[in-house]
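Let's go through this one together, question by question. Keep the viewer open as you read.

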Amino acid sequence: MSSQDIPEENLPAEQDAHGAVSVADDKDPFADPGLPPHEHRIQDIDERAAKRSERVVAMLFTVSMLATVGFIASYVGIPHDKAIYVFPIGHINALNFALGLTLGVALFTIGAGAVHWARTLMSDVEIADERHPIEASPEVKAKVMADFKQGAKESALGRRKLIRNTMFGALALFPLSGVMLLRDLGPLPGTKLRHTLWSKGKLLVNMNTNEPLRPSDVAVGSLTFVKPEGLEEKDEDFQTQIAKAALMIVRLQPENIKDKRELDWSYEGIVAFSKICTHVGCPISLYEQQTHHVLCPCHQSTFDLSDGARVIFGPAGHALPQLRIGVNDEGYLEALGDFEEPVGPAFWERG
Amino acid sequence: MKKLSARRRHPLAAVVVLLLALAATGGLYATLAPASQAKADDTAQSLAIDEGKKLYSVGCATCHGTGGQGSSDGPSLVGVGAAAVDFQVGTGRMPAQQPGAQIPRKKVIYTQAQIDQLAAYIASLGAGPSIPTKAEYGPDGADIAKGGELFRTNCAQCHNFTGKGGALTHGKFAPSLEGVAPKHIYEAMQTGPQNMPSFPDTTLTEQNKKDIIAYLNAVNGGNTESPGGLELGGLGPVSEGLFAWIFGLGALIAVAVWVAARTAKAKKS
């Protein structure tokens with residue numbers, strides 16, 4: 001049913017006479033006002049307006065075609081490393097810009113054309129569609145039940161118990177293979193979380209220069225990241241190991257260290273703390289050298305490095321683990337053992 | 001004759017003679033004797049120190065003490081070196097509007113010549129890092145890729161991956177490195193201004209610093225290319241998510257409104 005088929009009687013003036021389709025009575029106290037009168041669009045009445053809309057839709061589709069051609073042309077024609085300056089955006093890659101623009105225009109104008117078409121030319125007459133019961137008719141139901149019973153009888157499932165029972169067994173066992181695959185989530189970590197690569201005598205190697213550090217290299221107020229001696233970036237397990245062993249070295253004036261254990265474990269004010277946040281394990285090194293605070297960028301846990309890396313703000317549960325350091329015979333900084341407690345976030349068995 | 005000579009000896013004549021003699025001696029001393037001694041002092045360096053001291057007593061001594069020894073309002077400047085002065089004054093951070101942990105950048109009020117004089121004076125108080133030369137911070141011989149690695153290890157935690165800056169505790173922040181002169185970046189790494197830790201040459205070598213500066217120029221310089229287009233401040237997922245939610249979703253809502261909007265209706269004439 002198109003709007004053109006019912007021109008005159010549906011014009012607003014004609015419909016005003018229709019009024020309500022039911023009146024209020026005892027059973028149904030609310031009158032049903034019926035649908036509002038249908039109003040015609042300009043395009044339904046004026047063929048020239050309809051032609052104009054048709055041309056607009058066709059133009060949008062044509063723009064889409066041109067944009068697609070433009071997409072192909074720019075893919076072929078624009079070198080991938082050419083940069084252009086586009087005013088509000090800045091220096092950008094010309095190919096990316098052309099591809100994005102043409103693809104966007106091509107898709108958008110297809111959609112816009114379709115929407116404009118539907119809004120101005122397709123029928124907009126309101127129609128009522130009555131609800132009907134979902135239930136099948138009694139005949140259909142009886143037929144389906146009879147078919148099922150006959151099928152069950154022919155398969156002899158009720159009679160041949162061996163087949164039935166083995167089938168149930170096969171179906172019940174099959175999901176176990178899926179459960180078994182979950183084993184790949186293991187093996188259990190064991191004591192891996194409790195140990196790092198640090199051990200007694202391991203030198204502290206500066207990550208910038210890949211050279212062992214001397215106490216004189218570390219100035220008060222400086223920040224240095226070190227890795228354990230022997231761990232190289234090309235090693236296969238570098239990421240696994242550095243994720244636990246990452247260490248930050250700062251130097252405080254010894255009289256500024258408030259925590260006695262921290263002072264004992266330091267060397268001339270040089271302290272070594274784990275770089276892994278004890279909340280969820282983000283690398284944490286936003287060090288403020290005047291306040292000696294370290295901030296975690298993920299959830300704003302703040303630790304006071306002058307007071308045993310105590311948590312002074314945020315969700316972290318415990319202080320950053322400190323590594324005991326000293327100096328070996330050749331004057332290089334060395335670890336005096338592994339961390340005393342597991343580094344990083346808490347876990348069930350951490351205790 | 002007697003009368004004449006009596007008149008010639010005016011009571012003040014002795015005073016005049018004495019003054020003349022003093023002036024002559026002083027003048028001679030000034031022109032002859034001190035000349036040789038002044039030669040030793042008369043280098044550009046000591047002049048700069050003198051000038052710097054004057055500038056210091058006017059502009060800095062209120063907080064940092066008359067001899068750079070520091071006070072409750074400002075830290076001691078003994079041993080901070082010329083590089084620290086060049087950074088702090090050259091970026092307009094000093095003189096500070098008010099003492100505090102975060103001193104923002106502002107308009108530079110000293111000329112470079114005056115900054116050099118101030119730096120010379122502060123450097124004379126105690127040994128410290130000197131102002132780097134162009135050979136040290138310039139782009140020649142720098143490894144940009146290595147610089148990127150070093151930047152991400154040492155700097156990115158506060159200054160963001162491309163040096164856009166970031167937030168710290170209690171309203172402090174790590175400033176954006178956009179448009180900061182290479183010399184000042186070098187000095188900041190060397191001296192650790194305000195709450196920034198220092199990265200002395202012993203832990204971050206001169207070559208490392210040069211690499212970092214070259215990397216920053218590559219990713220955050222005036223001609224840096226952003227292949228993806230709008231970088232939205234380069235702040236990562238927060239600004240990008242905000243943009244997507246507001247403008248992406250906003251555009252979708254606008255289209256949905258347009259799809260379902262009432263069309264223009266013909267009026268019966």
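**A helix on the inside**

In this predicted model, helix H11 (residues 182-191) of chain B is largely enclosed by the rest of the structure, because 10 of its 10 residues are buried.

Q: Which helices are among those that cover the buried residues of H11(B)?
A: Start with what needs covering: the buried residues include Pro182(B), His184(B), Tyr186(B) and Gln190(B). A residue counts as buried here if 20 or more other C-beta atoms lie within 10 Å of its own. The cover includes three helices of chain B: H6 (81-90), H8 (134-137) and H12 (206-220).

Q: Which residue takes a positive phi just after H11(B)?
A: Follow the helix, which covers residues 182-191, to its last buried residue in the list, Thr191(B). Just after the helix, phi is about 65 degrees, and the residue that takes it is Gly192(B).

Q: How many residues does domain 2 of chain B give to the contact with domain 1 of chain B?
A: Chain B is split into domain 1 (43-131) and domain 2 (132-223), and their C-alpha centres are 22 Å apart. Domain 1 brings 15 residues to the contact, of which eight are nonpolar, five polar and two charged. From domain 2 of chain B come 13 residues.

Q: What part of chain B has a pLDDT below 50?
A: Look at the whole chain before zooming in: the mean pLDDT of chain B is 84, with 91% of its residues at 70 or more. One stretch falls below 50, and beyond near neighbours in sequence it has one contact in the model. That stretch is residues 34-40.

Q: What is the radius of gyration of chain A?
A: Picture the chain's extent along its principal axes, where the C-alpha trace spans about 105 × 80 × 60 Å. Chain A has three domains, 42-120, 140-174 and 192-335, and the centres of domain 2 and domain 3 are 69 Å apart. A compact globule of 351 residues would come out near 20 Å, but chain A has 39 Å.

Q: How many strands does chain A have?
A: Go through the secondary structure of chain A and you'll find nine helices. Alongside those helices, the strands number 13.

Q: Which helix gives the largest share of the largest nonpolar core?
A: Nonpolar side chains tend to be buried together in soluble globular proteins. The largest core here has 84 residues, and Ile249(A), Ala119(B) and Ile122(B) touch the most other members. Leaving aside neighbours within four places in sequence, Ile249(A) has contacts that include Leu204(A), Val218(A) and Ile270(A). Seven core residues, the largest share, come from residues 112-125 of chain B, which is helix H7.

Q: Which helix gives the most to the side of chain B that touches chain A?
A: Between the chains, 37 residues of chain B are in contact with 45 residues of chain A. The elements giving two or more residues to chain B's side are helix H9 (144-154), helix H10 (156-159) and helix H13 (237-260). The top contribution is three residues, and it comes from H9(B).

Q: How many charged residues are on the side of chain B that touches chain A?
A: Sort this side by class and you get 15 nonpolar and 18 polar residues. What remains is the charged class, with four.

Q: What ipTM does the model score?
A: The model comes with two overall scores, and its pTM is 0.72. Its ipTM is 0.73.

Conventions
Residues are numbered from 1 along each chain as its sequence is written. Chains are lettered from A and ligands numbered from 1 in the order in which they are written. Domain bounds come from an automatic or database domain assignment. Helices (H or I, at least four residues) and strands (E, at least two) are DSSP runs, numbered from the N terminus. The radius of gyration is taken over C-alpha atoms; the globule rule is 2.2 Å times the number of residues to the power 0.38. A nonpolar core is a set of buried Ala, Val, Leu, Ile, Met, Phe, Trp, Tyr and Cys residues joined through C-beta atoms within 7 Å. A residue is buried if 20 or more other C-beta atoms lie within 10 Å of its own, exposed if 12 or fewer, and partly exposed in between; C-beta atoms are placed from the backbone. Two residues are in contact if their C-beta atoms, placed from the backbone, lie within 7 Å. pLDDT is the predictor's confidence in each residue, from 0 to 100. Ala, Val, Leu, Ile, Met, Phe, Trp, Tyr, Cys and Pro count as nonpolar, Asp, Glu, Lys and Arg as charged, and the others, Gly among them, as polar.
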